[in-house]
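Please take a moment with the sequence and the model shown here before reading on. The paragraphs that follow walk through the structure step by step.

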Amino acid sequence: MDEGWDTGVVFLDIAKAFDRVWTDGLVYKLIELWVPGSIIRLIATYLRGRHFAVRVGNSLSSERAVDAGVVQGSKVGPYLFNVYVNDILPAPGTVRQKSVYSPMTLPL
């Protein structure tokens with residue numbers, strides 16, 4: 001199995017990674033991937049115009065807009081995050097055989 005190739009791996013834990021996805025950039029990447037326009041419009045509607053409020057005891061804060069990020073705890077969120085990060089280019093002069101990020105943990 002040893003064919004003389006070296007393998008290197010770097011694991012990064014990006015704090016609040018799902019919250020930092022630039023929505024317009026994600027939509028652009030979906031367009032570049034030739035995702036049908038009807039699906040892109042559906043996803044854009046799903047991601048944009050979201051609001052949140054915080055309740056502490058009986059007090060409720062005013063609503064605030066959510067300007068970035070993919071919905072956490074959703075079925076589609078990990079896939080959208082995957083689209084957002086998986087076009088990161090390798091360093092110049094390096095060979096990239098496989099590079100896939102998956103924010104999901106799957107049982108084996």
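Arg-48 is partly exposed, with a relative accessible area of 40%, and this residue is a useful place to enter what is a predicted model. Its side chain meets that of Asp-24 in a salt bridge, with 2.6 Å from N to O. Because Arg-48 lies in the loop between H2 and E1 while Asp-24 belongs to helix H1, the pair ties together parts that are 24 residues apart in sequence. Asp-24 is likewise partly exposed, its relative accessible area being 42%. The count of salt bridges comes to 1. In general terms, side chains of opposite charge can pair when their charged atoms come close.

From this pair one can step back to the whole protein, which has 3 helices and 4 strands, arranged along the sequence in the pattern α-α-β-β-β-β-α. Of its 108 residues, 22% are buried. Among the contacts between residues at least 6 apart in sequence, 50% join residues that are at least 24 apart.

Helix H2, which spans residues 37–47, shows how burial is distributed along one element, for Ile-40, Ile-43, Ala-44 and Leu-47 are buried there. Seen down the axis of H2, these buried residues fall within an arc of 100°, and therefore they line one face of the helix. On the other side of H2, by contrast, Arg-41, Leu-42 and Thr-45 are exposed. The buried residues of H2 are covered by parts that include helix H1 (23–32), strand E1 (50–52) and helix H3 (77–85). Just after H2, the chain reaches Gly-49, which takes a positive phi of about 75°.

The interior can be followed further through the largest nonpolar core, which has 15 residues; those that touch the most other members are Val-21, Leu-26, Leu-30, Leu-47, Val-70, Leu-80 and Phe-81. Each of the helices H1, H2 and H3 supplies at least two residues of this core. Leu-30 gives an example of the contacts made, since, when its neighbours within four places in sequence are left aside, Leu-30 is in contact with Val-35, Ile-40, Ile-43, Leu-80 and Val-83.

Aromatic rings add another kind of link, and the count of aromatic pairs comes to 1. The rings of Phe-18 and Phe-81 have centres 4.9 Å apart and planes at 10°, so the pair is stacked, the cut-off for stacking being planes under 30 degrees apart. Phe-18 lies in the segment before H1, whereas Phe-81 is in helix H3, so the pair ties together parts that are 63 residues apart in sequence. Both Phe-18 and Phe-81 are buried. A further ring, that of Tyr-84, has the charged end of Lys-29 sitting over it, 4.5 Å from the centre of the ring.

The segment before H1 also holds Ala-17. Is Ala-17 buried or exposed? Ala-17 is buried, because its relative accessible area is 14% and burial is set at under 20%. The C-alpha atoms of Ala-17 and Val-70 are separated by 9.2 Å, although these two residues are 53 residues apart along the chain. Val-70 has already appeared above, as one of the residues that touch the most other members of the largest nonpolar core.

Key
Residues are numbered from 1 along each chain as its sequence is written. This is a predicted model: local features need pLDDT of at least 70, side-chain atom pairs count only at pLDDT 80 or more; totals for chains, interfaces and linings use all residues. Side-chain values use heavy atoms; hydrogens and water are left out. Buried means under 20% relative accessible area, exposed over 50%, partly exposed in between (1.4 Å probe, protein chains only). The arc is that of the directions from the helix axis to the C-beta atoms. Contact means heavy atoms within 4.5 Å. Rings of Phe, Tyr and Trp (its six-membered ring) pair if their centres lie within 6.5 Å; planes under 30 degrees apart count as stacked, over 60 as edge-to-face and the rest as tilted. A charge sits over a ring if NZ of Lys or CZ of Arg is within 6 Å of the ring centre and within 35 degrees of the ring normal. A nonpolar core is a set of buried Ala, Val, Leu, Ile, Met, Phe, Trp, Tyr and Cys residues joined through side-chain atoms within 4.5 Å. A salt bridge is a side-chain nitrogen of Lys or Arg within 4 Å of a carboxyl oxygen of Asp or Glu.
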